[in-house]
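Here's a quick walk through one model, going from a single residue out to whole chains. Have the structure open while you read.

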Amino acid sequence: MNRKWLAAPYLVWMVIFIVVPLVMIFYYAFTAKDAGGLRFTFEHLIKAFDSKYLIALWKSLLYAFIATVICLVLAYPLALILAKHSKGGSVTLFIFILPMWMNFLLRTYAWLSLLETNNGLLNTFLRALHLPVLDIIGTPSAIVLGMVYNFLPFMVLPIYNSLAKIDKSVMEAAYDLGANDFQRLLRVTIPLSMPGVMSGITMVFMPAVTSFVIPNLLGNGKVNLIGNIIEQQFLLTYDWGFGAALSLVLMIMILISMAVMQRSDEDMEGGAGLW
Amino acid sequence: MKKIALLLAVLMFVFTGCAGNVKNDPSKPLAGTTIYVYNWGDYIAEDTIERFTKETGIKVIYETFDSNETMYAKYKSGAVNYDVLIPSDYMIEKLIAENELLPLNFDNIPNAKYIDESFRNLGYDPENKYSVPYFWGTLGILYNKKMVQEEVDSWDILWDSKYKGQIIMMDSVRDTFAVALKRLGYSLNSTDKAQVDEAVASLIEQAPLVQAYLMDQVKDKMIGEEAALAVIYSGEAVYTSEYNENLEYAVPKEGTNFFVDAMVIPKTCQNKEAAEAFINFMNDPQIAYNNTKYVGYSTPHTEARDMLDEEIKNNPAAYPPQEIIDKCEVFVDLGPEMTVYYNDKWNELKASLR
Amino acid sequence: MVKRGIEKLYLGLIMLFLYAPILTLIVFSFNDSKSRAKWGGFTLKWYKNMLNDPMISKSIYYTLLIALLAAVISTVIGTLAAIGIHVMKKKTKTVVLNVTYLPVLNPDIVTGIAFMLFFVAIGLKLGFTSMLIAHITFNIPYVILNILPKLSSLNKYTYEAALDLGAHPMQAIWKVIIPEIMPNIITGFLLAFTLSLDDFIISYFTTGSGVTNLSITIYTMTRRGIKPEINAVSTVMFLSILILLLIINKRSEKNNKKLGGVNV
């Protein structure tokens with residue numbers, strides 16, 4: 001029996017519940033209904049290339065990218081530490097997922113209570129110590145902070161899993177061959193953990209690009225990201241064709257970004273395989 | 001694993017088994033029927049539904065939405081056959097225009113007589129055939145009198161550079177454009193592109209002074225004194241003044257938006273009499289009073305309003321005098337082309353920020 | 001020594017970062033004021049009220065039920081899928097993986113509406129089943145993403161050795177591969193459960209018939225202001241899960257000591 005048939009139930013599921021809805025998006029993106037009936041059109045797609053939408057798209061990709069990088073920088077040492085002392089058991093791991101079990105909206109409101117300029121806990125504290133206050137709510141930094149906060153566990157988990165199972169004998173072999181700690185990290189550990197890193201990047205970057213609650217709350221509604229605009233199309237203007245077109249453009253941009261990042265993972269071991 | 005399955009089974013049994021028995025009770029002719037009600041979140045007193053079921057035997061499946069638009073999307077998809085919807089004025093108008101609503105049989109809704117005269121035959125339902133108002137309010141300026149020492153009576157104050165960084169506007173296309181349009185002396189339902197463009201230009205000009213564009217967060221920000229001025233609904237203004245006595249509400253002289261949320265019956269209704277019984281029940285004076293007390297918004301129900309405390313029923317923020325109401329306009333659906341135009345302009349405004 | 005100290009400090013800082021909002025919420029659940037901007041004194045009344053609200057009880061029930069079912073089913077399907085995908089030829093693998101990512105890539109609202117349209121088109125009445133299907137669909141990619149990397153770092157020959165020794169393929173998989181990837185399966189399960197707990201938009205558009213979850217209830221409250229009972233509910237849920245995890249961990253540590261084995 002070839003193992004690949006184990007994937008069969010999933011493949012069936014996938015075709016019905018992922019492919020078909022996707023086809024519907026294509027359908028909406030490329031058609032328009034008017035007096036003459038249904039017709040094929042590029043007008044939605046063309047509208048998507050107007051500057052105000054491209055700016056939103058660019059900002060979304062940029063903030064998501066920065067947030068992903070910060071997550072990576074924070075998560076990697078964390079995963080290393082956790083993997084090294086993995087006798088702590090899964091509890092240490094659960095402790096990092098646990099915050100995500102409290103509703104996301106509530107946690108974002110809590111950040112407001114902590115970081116607001118006049119009334120926030122942090123600034124009240126700083127003012128008492130006669131230190132300068134942190135006026136962050138409403139700035140892109142707050143948005144990136146919100147994204148990092150929300151997606152950090154998604155980066156930690158896969159990297160930790162990758163690291164925890166690196167064959168100890170490989171590490172020892174490197175040591176025997178004369179590598180010092182830093183060289184070992186660079187030449188052995190990091191390459192072996194790449195699949196986990198790629199998974200992490202995927203699970204952070206993609207949802208980050210489409211988030212709109214974070215910019216609304218932490219960005220004081222001043223930053224319009226692509227997620228907001230797409231939501232408007234489906235709910236406010238009822239222009240589903242345009243909403244679908246924007247989603248398509250977004251999907252393609254993300255796939256391209258991911259493909260660029262994939263160059264370093266030839267065998268698609270990260271499971272994030274593209275092209 | 002087994003224990004969890006058992007626990008789940010017990011839980012399911014407990015929850016579903018509570019459906020109760022239905023007997024034939026002549027005083028409850030509609031007992032045993034079920035209706036689907038779709039309302040704003042947290043917009044009804046906690047025991048109203050229970051009381052309704054107890055009194056009439058009609059079961060209610062109650063769902064909530066967070067905006068007229070998500071309600072509309074869900075409703076139109078035909079995914080659920082709703083019996084009663086409680087949308088806002090412009091949405092009701094849109095549904096009427098699209099032939100989605102059933103005319104009400106007021107013989108089954110005798111309690112509708114308690115609705116104040118001035119709430120009948122409003123723009124969105126001119127013949128008063130399809131709706132019974134539930135709550136209403138105005139859009140106005142909430143200000144902190146410690147931080148704002150002058151009289152607040154015009155939308156102009158939100159463009160005053162003295163308050164730079166202390167102004168909060170609404171993160172909503174219609175409401176923010178309404179402020180800009182009214183300030184320029186135009187209708188907040190303007191379909192004149194030149195007027196809309198002028199309004200957007202004024203908003204872009206105002207932008208550097210604005211601290212934030214928010215929706216529900218306005219309340220907490222103002223209570224916490226993060227800003228001096230904000231655009232807000234009257235119902236929310238009443239809420240905030242409970243927590244911070246420095247906050248006052250004013251309706252500007254140029255006029256503003258007057259909104260009404262009302263109960264309607266869509267054509268997907270499976271049991272019209274039961275739906276009408278629900279609407280009737282909601283207008284029973286005691287129930288209307290309970291709902292008003294819980295929700296805190298302004299009620300169109302004369303008896304319910306009478307039963308309120310002196311403080312609230314004479315609070316000009318909650319119940320402004322007629323001359324103010326005369327200057328208010330209800331939102332009207334702009335039609336698809338103008339809706340897209342407004343929205344594109346809104347995105348232009350947002351793109352120009354920082 | 002210093003290194004260990006720095007490590008602990010780093011861990012501590014990250015924990016502080018992750019938990020600061022949670023602690024804030026827990027504190028607010030005792031706030032005798034509906035507004036988060038004002039402290040009104042200490043109170044337990046939100047805890048007393050919270051179960052009296054039928055909406056909240058219903059939401060909790062459905063939230064937990066759907067999250068559990070969706071996590072279990074998506075973990076099973078996802079694990080099998082990962083094992084299968086791992087041995088696919090490069091071309092098929094690419095196609096399958098790219099399609100798998102689509103629910104992750106798409107903004108929630110697009111996925112939600114696409115599902116809604118699909119269900120209406122096939123005539124499935126919105127309710128528990130439709131919401132469950134939607135949850136399973138968006139959970140599976142995360143399960144796969146967690147297991148696939150691990151599969152590639154497994155020793156390829158253990159499986160074949162098992163076959164050579166006479167094991168039936170299913171036995172080989174069950175006894176050789178699954179134990180190796182078990183930590184990833186568990187992580188995938190946890191991730192799926194977490195995602196389901198917190199989902200709003202997709203749930204909103206794929207549910208009906210009065211089935212609601214906690215996220216929907218909370219989001220629909222935002223126009224009117226979130227009831228403090230929600231803070232109380234969240235605190236209770238959070239603490240129960242924390243305690244549960246601590247108990248599970250104590251138990252598994254005991255087991256490990258007995259077996260003397262390495263475990264994560």
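Which residues does Tyr90(B) touch, not counting residues up to four places away in sequence? Keep in mind that this is a predicted model. The partners are Tyr124(B), Phe331(B), Val332(B) and Asp333(B), with those up to four places away in sequence left out.

Tyr90(B) sits in helix H4 of chain B, which covers residues 89-97. Is Tyr90(B) buried or exposed? The cut-off for buried is 20 or more other C-beta atoms within 10 Å. Tyr90(B) has 21 C-beta neighbours inside 10 Å, so it counts as buried. There's a record to go with this residue, too: an unreviewed UniProt entry has a "binding site" annotation that covers Tyr90(B).

**Where chains A and B meet**

Now over to the contact between these two chains. Chain A puts in 22 residues and chain B puts in 23 residues. On the chain A side, the elements that give two or more residues are helix H3 (51-84), helix H10 (213-218) and helix H11 (226-235). The largest share there comes from H11(A), with 4 residues.

**H3(A) against H11(A)**

Two of those helices also meet inside chain A. The axes of H3(A) and H11(A) come within 8 Å and cross at roughly 130 degrees. How does that crossing get classed? Angles of 65 to 115 degrees count as roughly perpendicular and those over 145 as roughly antiparallel, and H3(A) and H11(A) are therefore oblique to each other.

As for who meets whom, H3(A) brings Tyr53(A), Ala56(A), Leu57(A) and Ser60(A). Across from them, H11(A) offers Ile226(A), Gly227(A) and Ile229(A).

Here's how the residue classes work out for the two contacts:

| Contact | Nonpolar | Polar | Charged |
|---|---|---|---|
| Side of chain A that touches chain B | 8 residues | 10 residues | 4 residues |
| H3(A) with H11(A) | 5 residues | 2 residues | no residues |

So much for chains A and B.

**Chain C as a whole**

Last stop, chain C. How many helices and strands does its secondary structure come to? The tally is 11 helices and 0 strands, and reading along the sequence gives α-α-α-α-α-α-α-α-α-α-α.

The C-alpha trace of chain C spans about 70 × 65 × 30 Å along its principal axes. Chain C has 264 residues, and buried ones make up 48% of them. Take the contacts in chain C with a separation of 6 or more: residues 24 or more positions apart account for 78% of these.

Notes
Residues numbered from 1 in each chain as written. Chains lettered and ligands numbered in written order. Predicted model: local features only at pLDDT ≥ 70, side-chain atom pairs only at ≥ 80, totals over all residues. Contact = placed C-beta atoms within 7 Å. Nonpolar A, V, L, I, M, F, W, Y, C, P; charged D, E, K, R; others polar. Axes fitted to C-alpha atoms, helices over the stretch in contact; angles between N-to-C directions. Parallel < 35°, antiparallel > 145°, perpendicular 65-115°, else oblique. UniProt positions renumbered as here; feature names shortened; annotations may be inferred. Buried ≥ 20, exposed ≤ 12 C-beta atoms within 10 Å, placed from the backbone.
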